[in-house]
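Here are my comments on the model you sent, set out point by point. Please read them with the structure open.

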Amino acid sequence: MLMLAPDTVIVHPVFGKWLPRFLFCTVLGFGITACGTGQSVAAQTKVQKPAAGEDLFREAYIPKLQIEIPAEGLNGLRRSPRKYVAATIREGATVYTNVAIHLKGGPGSYRALHDLPAFTLNFDRLADGQSFHGLKKIHLNNSVQDRSFVSEKISRELFEAAGVPTPRAGNALVILNERELGMYVLVEGIDKPFLRRHFKDPGGNVYDGHSQTDVNHRLPTNSGDDRQRHPGLEALARAVHEPDSSHRLAALEKTLDLDRFLSFLALEAMLWHWDGYTMNRNNFRIFHDRAANRMVFLPQG
């Protein structure tokens, strides 16, 4: 059993010194209690029909993906690695055409096209309605910092068990233009199907946090029905700048899903996610849950 002391105090460069109350998580052999809620996972879980991608993540099916990128697309990725180009994906007898693909990865994991590149694949962007095992967007991570290929999967399942909405992870075997790249970590994208699975209203903005950014910065918007307006993020920024600590807590409770945020912080600490939000203000997403009118932190990377 691993426990953070109930009187733990969080000191954060933006949120400040706040919430000395019950920041704790108890990890048991068969489950996790959500931080700050006192409720078991079983009490919070609702029976739902199987979600898209269940065969990939719950049943641990490992697809063999043959990625075919024509010469023009390869040259495009060499010039602008983050810009989508068109590719064909073969999975056995199934062929996906006009799949949008680009390279991904940060300073520690990015690899060039000739090396062991990581990819983002969007099956719906260039072919409306196309999906991969019911998923519209996936990431293929090269896992160069974890050659066991399971740390990301286990960590994401722990976040999910603690009540923090988290994209699922599995594995895939990848071939690029007849060059065998080997085992990859396949991760679900944060898109409308993912958001719909966790929230009543999936149309809120998803903000991309990285490179020492925080809630009081102009964060890039990855998706959302109204990407020009940012009422949820702006309200949260005002709350963290409240000088009076007691008023700050009240303001945070109105603008932030606080129980999920406590679970998010505790899991990042216990899993030693050194390049995440808690320790490095990097690799995180924030979703504006418009139904509850609160911001929700999502783990990334």
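The points below take up confidence, then one strand and its partners, then a sheet and a helix.

1. This is a predicted model, and its confidence deserves a first look: the protein chain has a mean pLDDT of 88, with 84% of its residues at 70 or more. Residues 1-10 stay under 50 in pLDDT, although the model gives them 29 contacts beyond four places in sequence. The pLDDT is likewise below 50 over residues 17-43, a stretch with 68 contacts in the model beyond near neighbours in sequence.

2. Strand E8, which spans residues 118-122, is mostly covered, five of its five residues being buried. Both of its faces are covered, with Ala118, Thr120 and Asn122 buried on one side and Phe119 and Leu121 buried on the other.

3. E8 is joined to strand E7 (residues 94-104) by five bridges, and the two run antiparallel; here Thr120 of E8 is the bridge partner of His102. E8 also pairs with strand E9 (residues 137-141), again in the antiparallel sense, over four bridges, and Lys137 in E9 is the bridge partner of Asn122.

4. An open sheet of four strands, ordered E13-E12-E14-E15, shows antiparallel pairing. Its edge strands are E13 (221-223) and E15 (294-299), each of which pairs on one side only, and the twist from one strand to the next averages 30°.

5. Within that sheet, six bridges join E14 (residues 284-289) to the antiparallel E15, where Pro299 is the bridge partner of Phe284. Helix H6 (residues 231-240) lies across E12 (206-209), E14 and E15, and runs at about 95° to E15.

Conventions. Residues are numbered from 1 along each chain as its sequence is written. This is a predicted model: local features need pLDDT of at least 70, side-chain atom pairs count only at pLDDT 80 or more; totals for chains, interfaces and linings use all residues. Side-chain values use heavy atoms; hydrogens and water are left out. Buried means under 20% relative accessible area, exposed over 50%, partly exposed in between (1.4 Å probe, protein chains only). Two strands pair if DSSP finds at least two bridges between them. pLDDT is the predictor's confidence in each residue, from 0 to 100. Contact means heavy atoms within 4.5 Å. Axes are lines fitted to C-alpha atoms, for helices over the stretch in contact, and angles run from 0 to 180 degrees between N-to-C directions.
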